[in-house]
Amino acid sequence: MFVVHLMPAGTQFEVPANKTLLQGALDAGVPFPNRCQIGACATCLCRLQKGEVNYHLEPMLTEQEKQQGWIFACQAIPCSDLVVSFEESDDY
Ligand code: FES
């Protein structure tokens with residue numbers, strides 16, 4: 001079980017082992033942008049500020065996007081506590 005903080009709102013929820021970030025959010029009743037839930041629409045794209053995630057299937061992200069921390073919440077499985085942001089800017 002890992003704890004996820006959603007910025008900038010500061011919402012906090014727990015994701016059970018082997019569940020995706022999106023699934024954990026929805027199970028906890030947290031409104032998280034999503035549509036396809038299969039890694040195709042990019043609606044769930046958000047930015048990892050802290051922590052590690054794993055993928056069963058690597059999503060389509062450029063090297064630059066990966067470096068900037070963009071993740072697909074519907075595909076990313078937390079493997080540590082996370083801080084995730086919906087903001088593009090680096091100055092939070
Ligand atoms: S919900 Fe469509 S890519 Fe994640």
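Student: How much surface does the protein chain expose, and what share of that surface do carbon and sulfur atoms supply?

Tutor: The protein chain exposes about 5500 Å², and carbon and sulfur atoms supply 50% of that area; accessible areas come from the Shrake-Rupley method with a 1.4 Å probe, and for residues only the protein chains shown count as cover. Keep in mind that this is a predicted model, in which local features need pLDDT of at least 70 and side-chain atom pairs count only at pLDDT 80 or more, while totals for chains, interfaces and linings use all residues. Residues are numbered from 1 along each chain as its sequence is written, and side-chain values use heavy atoms, with hydrogens and water left out.

Student: What radius of gyration does the protein chain have, and what would a compact globule of 92 residues have?

Tutor: The radius is taken over C-alpha atoms, and the globule rule is 2.2 Å times the number of residues to the power 0.38. For 92 residues a compact globule would come near 12 Å, and the protein chain, at 12 Å, agrees with this. Along the principal axes, its C-alpha atoms fill a box of roughly 30 × 30 × 25 Å.

Student: Which helices and strands should I look for, and in what order do the elements run?

Tutor: Helices (H or I, at least four residues) and strands (E, at least two) are DSSP runs, numbered from the N terminus. The protein chain has two helices and seven strands, and from the N terminus on they follow one another as β-β-α-β-β-α-β-β-β.

Student: How do I read the sheet, and which strands stand at its edges?

Tutor: Two strands pair if DSSP finds at least two bridges between them. Here five strands make an open sheet in the order E2-E1-E7-E3-E5, with mixed pairing. Strand E2 (11-15) and E5 are at the edges, where each has a single partner strand, so one side of each is left without a neighbour in the sheet.

Student: Which bridges join E7 to E1, and which join E7 to E3?

Tutor: Strand E1 (residues 2-7) runs parallel to E7 and is joined to it by four bridges; Val 4 has Leu 82 as its bridge partner in E7, and Leu 6 has Val 84. E3 and E7 pair in the antiparallel sense over three bridges, and there the partner of Leu 48 in E7 is Val 84.

Student: Are the faces of E7 covered or open?

Tutor: In a regular strand the side chains alternate between the two faces of the sheet. In E7 both faces are covered, with Leu 82 and Val 84 buried on one side and Val 83 and Ser 85 buried on the other; buried means under 20% relative accessible area, exposed over 50%, and partly exposed in between (1.4 Å probe, protein chains only). Of the 92 residues of the protein chain, 37% count as buried.

Student: How do I read an aromatic pair, and how many does a search of the whole structure find?

Tutor: A pair of aromatic rings is described by the distance of the centres and the angle of the planes. Rings of Phe, Tyr and Trp (its six-membered ring) pair if their centres lie within 6.5 Å, and planes under 30 degrees apart count as stacked, over 60 as edge-to-face and the rest as tilted. A search of the whole structure finds one such pair, formed edge-to-face by Phe 32 and Phe 86, with 5.0 Å from centre to centre and 65° between the planes. This pair links distant parts of the chain, 54 residues apart, since Phe 32 is in the loop between helix H1 (21-27) and strand E3 (45-50) and Phe 86 is in the segment after strand E7 (82-85). Phe 32 counts as buried because its relative accessibility is 4%, whereas Phe 86, at 33%, counts as partly exposed.

Student: Where does Gln 75 lie, and which residues does Gln 75 touch?

Tutor: Contact means heavy atoms within 4.5 Å. Gln 75 sits in the loop between strand E5 (70-72) and strand E6 (76-78), and with a relative accessible area of 18% this residue is buried. Not counting residues up to four places away in sequence, Gln 75 touches Thr 20, Gln 37, Ile 38, Gly 39, Asn 54 and Tyr 55.

Student: Is Met 1 buried or exposed?

Tutor: Met 1, in the segment before E1, is exposed, with a relative accessible area of 60%. Leaving aside neighbours within four places in sequence, Met 1 is in contact with Glu 14, Val 15, Pro 16 and Ala 17.
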